[in-house]
Amino acid sequence: MSTPEVHRQLEERGHRVGYTKKVQRHLTRLEDKDHLVLSTENGRELLWQRKPWLQGAREGVSLMSASEAVAFHILQQFAGNKLPDAVTKDIEPLFKAAEVRLSQERADSRVYRAWPDKIDSVDGTFTLIRPKLRPEIFQAVVTATFFERELLVKYRAAYKGEQAEEPKSKPLWPLALVESGGVMYMVAQDPTRAPQPEKGKNDWLRTLYRLDRMGSAVESGKTFNYPDDFKLRQYIETEQAFNFLTEPPLRLELAFDGNAGNHLKESPMAKDQEVETLLDGRLKVSGTVIPSLKLRWWLRSIGAAVEILAPKSLREEFAADYLNLANRYR
């Protein structure tokens with residue numbers, strides 16, 4: 001392809017490469033020093049071609065083992081829609097090669113070909129229809145997160161309800177993407193909300209934004225330095241942001257009827273969980289937890305088969321809720 005076409009496709013995939021002559025300089029270096037591309041003259045322009053290494057499904061199939069084919073097939077099945085175009089477009093030939101490799105009638109193909117149909121994932125709760133994401137917004141967020149670029153986002157927060165006016169754009173630094181309960185969230189840092197130790201605010205403001213609530217998301221043209229103190233796994237586990245409306249930790253004591261709490265013996269609710277049997281035969285489970293909306297949703301999902309013994313405040317909250325619920329259904 002021509003240099004302008006190379007430039008166009010790079011920009012389309014999210015690479016900000018500047019002007020066309022800069023691309024041509026890079027291509028020339030790839031040809032002269034790295035020997036990865038070839039050029040041919042076509043009148044007054046140069047046409048570029050990548051050297052033949054896995055540049056299509058045909059070449060990939062001949063070099064791909066059945067194990068590699070399964071790995072690429074599973075990657076595409078479970079994570080293909082979470083990759084930016086800058087990555088996906090480059091490995092599409094490998095996805096296609098994997099599909100062809102698994103379709104071939106070779107001695108080792110049957111069990112490998114069958115594996116993708118033997119695994120899947122389902123939500124642990126009642127499944128709702130997932131909100132639709134606008135492809136252009138999703139790809140803009142994914143690309144900006146991948147390349148560490150600032151976004152200008154118009155966002156409708158749920159707590160503000162329906163708004164007649166168009167929300168204003170605000171600059172955000174996208175740090176990570178997380179899927180929770182079928183909904184995609186962006187963890188973002190607000191560059192206008194720097195720490196203010198004198199006011200007791202020692203950390204940057206980092207917030208969750210649901211992608212389906214974004215009216216628009218476009219790059220501002222700026223990049224940012226990814227914060228050294230941010231680790232996604234640590235953010236999820238310590239901040240408990242995805243449990244929603246978290247409160248200070250407390251000691252939770254529950255009593256379960258029958259087999260309702262047996263699952264906690266295999267999947268504890270807390271690291272310091274303790275289990276004992278009460279005199280009335282019920283299972284008592286205790287542990288330090290962080291109160292949140294998700295904790296309340298979980299307790300309510302068990303219904304009358306669980307009783308909150310402590311803390312008193314949470315017990316009284318549920319008692320009042322269930323009294324209101326009983327009155328409503330009378």
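What follows is a chat between a colleague and a modeller about how terms apply to this structure.

Colleague: What kind of model is this, and what does it count?

Modeller: It's a predicted model, where local features need pLDDT of at least 70 and side-chain atom pairs count only at pLDDT 80 or more, while totals for chains, interfaces and linings use all residues. Residues are numbered from 1 along each chain as its sequence is written, and side-chain values use heavy atoms, with hydrogens and water left out.

Colleague: Why is the pair of Phe72 and Phe95 called edge-to-face?

Modeller: Rings of Phe, Tyr and Trp (its six-membered ring) pair if their centres lie within 6.5 Å; planes under 30 degrees apart count as stacked, over 60 as edge-to-face and the rest as tilted. Here the centres are 6.5 Å apart and the planes stand at 70 degrees, so Phe72 and Phe95 are edge-to-face. The structure has nine aromatic pairs.

Colleague: What makes this pair a link between distant parts of the chain?

Modeller: Phe72 is in helix H4 (residues 66-79) and Phe95 in helix H5 (residues 85-103), 23 residues apart. Helices (H or I, at least four residues) and strands (E, at least two) are DSSP runs, numbered from the N terminus.

Colleague: Phe72 and Phe95: which is buried and which is partly exposed?

Modeller: Buried means under 20% relative accessible area, exposed over 50%, and partly exposed in between (1.4 Å probe, protein chains only). Phe95 has 5%, so Phe95 counts as buried. Phe72 has 23%, so Phe72 is partly exposed.

Colleague: And why is Ser180 called buried?

Modeller: Its relative accessible area is 15%, so Ser180 falls under the cut-off for buried. Ser180 lies in strand S4 (residues 169-180).

Colleague: How do you know that the side chains of Ser180 and Lys294 are joined by a polar contact?

Modeller: A polar contact is a pair of N or O atoms within 3.5 Å; within protein, one must be able to donate a hydrogen and the other to accept it, and residues adjacent in sequence count only if both atoms are side-chain atoms. The contact between Ser180 and Lys294 is 3.3 Å, so it comes in within that limit. Leaving out residues up to four places away in sequence, Ser180 touches Tyr185, Phe242 and Lys294; contact means heavy atoms within 4.5 Å.

Colleague: What makes the charged end of Arg300 sit over the ring of Phe318?

Modeller: A charge sits over a ring if NZ of Lys or CZ of Arg is within 6 Å of the ring centre and within 35 degrees of the ring normal. Arg300 has its charged end 4.8 Å from the centre of the Phe318 ring, so the distance fits the rule.

Colleague: What is the largest nonpolar core built from?

Modeller: A nonpolar core is a set of buried Ala, Val, Leu, Ile, Met, Phe, Trp, Tyr and Cys residues joined through side-chain atoms within 4.5 Å. The largest one has 17 residues, and Val141, Tyr209 and Met214 are among those with the most contacts inside it. Two or more residues each come from helix H7 (135-147), strand S3 (149-155), strand S5 (183-189) and strand S7 (214-223). H7 gives the largest share, five residues.

Colleague: How do you know that the chain isn't a compact globule?

Modeller: The radius of gyration is taken over C-alpha atoms, and the globule rule is 2.2 Å times the number of residues to the power 0.38. For 330 residues, a compact globule would come out near 20 Å, but this protein chain has 27 Å.
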